[in-house]
Amino acid sequence: HETFSEVDSEEGEAGEAVVVVPAEMEEIASFRLEASPEAAWATLFGSTEFYASVLADEEPEVGEWTTDRTRRVDHRHPLHVPVPKWTGLGGLSIPTSKAQRTDGRVVLERSSFSGIPFASAFAVETAWIFEPLDDSTLVTVKFRCDFDTLIPSWLRPSIVSKTRLELVLFNEQFARIAQTFLSARSPRSVLQVPDELPPPIDCKDHDLPSVPVDPEVIARECSIS
């Protein structure tokens, strides 16, 4: 789950590689930045130092962009959303490896994890799309969870719900820091969350055995609709 597939890019009219946003991705947020799309991209993702500063990790490893416009990011992602105790992750951060690809207009990120249940069986893809809006830039954020067949169907809605909320919280902070960085004026970035955003799924926080645990036990203890 650490690499992109061939369908994630295609050749544009001028022969350049264009990053393709998967159609099944769900929009979760958008924010406005008082800068051109080029300047906004350069600040949020072109600058290694700036991107590292928003990862909430004291020692993130943010690689430089390569000639094929990809890079790797390794860090520990702090959990903002409560998780059930059976995961063994209460109050911890998750080792995360990100593979990023860009064309200067879109950043497509694929995150894989370690040290959590089913870590090798799913990945999270996030896209940031930069579009001109009057004299500023509209940044639209989309995501999807990519599951292996090892992830039971009853568990997937909970993973998607908690991942969605994690990304909304992260991008709210991302937008505020970026706008402050781009302008000495009061921040004008406002996170817009779609009205139809599903509420987080309530998974009861029981004292269950540490992982690995029988999926049937988790199914009984978690109220996943």
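This passage describes the sheet of a predicted model, two of its buried residues, and the confidence of the prediction.

The model contains an open sheet of 7 strands. The strand order is β3-β9-β8-β7-β6-β5-β4, and the pairing is antiparallel. Strands of a sheet pair through backbone hydrogen bonds, either parallel or antiparallel. The edges are formed by β3 (26-33) and β4 (61-62), each of which pairs on one side only. Strand β5 spans residues 70-78 and pairs with β6 over 9 bridges, in the antiparallel sense. Within this part of the sheet, P78 stands opposite S93 of β6.

Helix α1, residues 37-46, lies across six named strands of this sheet: β3, β5, β6, β7, β8 and β9. Strand β8 covers residues 122-133, and β9 covers residues 136-147. The helix runs at about 145 degrees to β8.

Two strand residues were examined individually. T96 belongs to strand β6, which comprises residues 93-102. The relative accessible area of T96 is 4%, so this residue counts as buried. A polar atom of the T96 side chain lies 2.9 Å from the backbone oxygen of I94. Beyond neighbours within four places in sequence, T96 is in contact with V73, D74, H75 and H77. The contacts of T96 also include S111, S112 and F113.

R110 is located in strand β7, residues 106-113. This arginine is likewise classed as buried, because its relative accessible area is 7%, under the 20% cut-off. The R110 side chain makes a polar contact with the side chain of D146, at 2.5 Å. D146 falls within the residue range of β9.

Confidence varies along the chain. The mean pLDDT of the protein is 76. A value of 70 or more is reached by 69% of the residues. Among the elements, β8 has the highest mean pLDDT, at 95. Helix α4, residues 215-221, has the lowest, at 42. Over residues 184-191 the pLDDT is below 50. This stretch has 19 contacts in the model beyond near neighbours in sequence. The pLDDT also stays under 50 over residues 200-225. For residues 200-225, the model has 45 contacts beyond four places in sequence.

Methods
Residues are numbered from 1 along each chain as its sequence is written. This is a predicted model: local features need pLDDT of at least 70, side-chain atom pairs count only at pLDDT 80 or more; totals for chains, interfaces and linings use all residues. Side-chain values use heavy atoms; hydrogens and water are left out. Helices (H or I, at least four residues) and strands (E, at least two) are DSSP runs, numbered from the N terminus. Buried means under 20% relative accessible area, exposed over 50%, partly exposed in between (1.4 Å probe, protein chains only). A polar contact is a pair of N or O atoms within 3.5 Å; within protein, one must be able to donate a hydrogen and the other to accept it, and residues adjacent in sequence count only if both atoms are side-chain atoms. Contact means heavy atoms within 4.5 Å. Two strands pair if DSSP finds at least two bridges between them. Axes are lines fitted to C-alpha atoms, for helices over the stretch in contact, and angles run from 0 to 180 degrees between N-to-C directions. pLDDT is the predictor's confidence in each residue, from 0 to 100.
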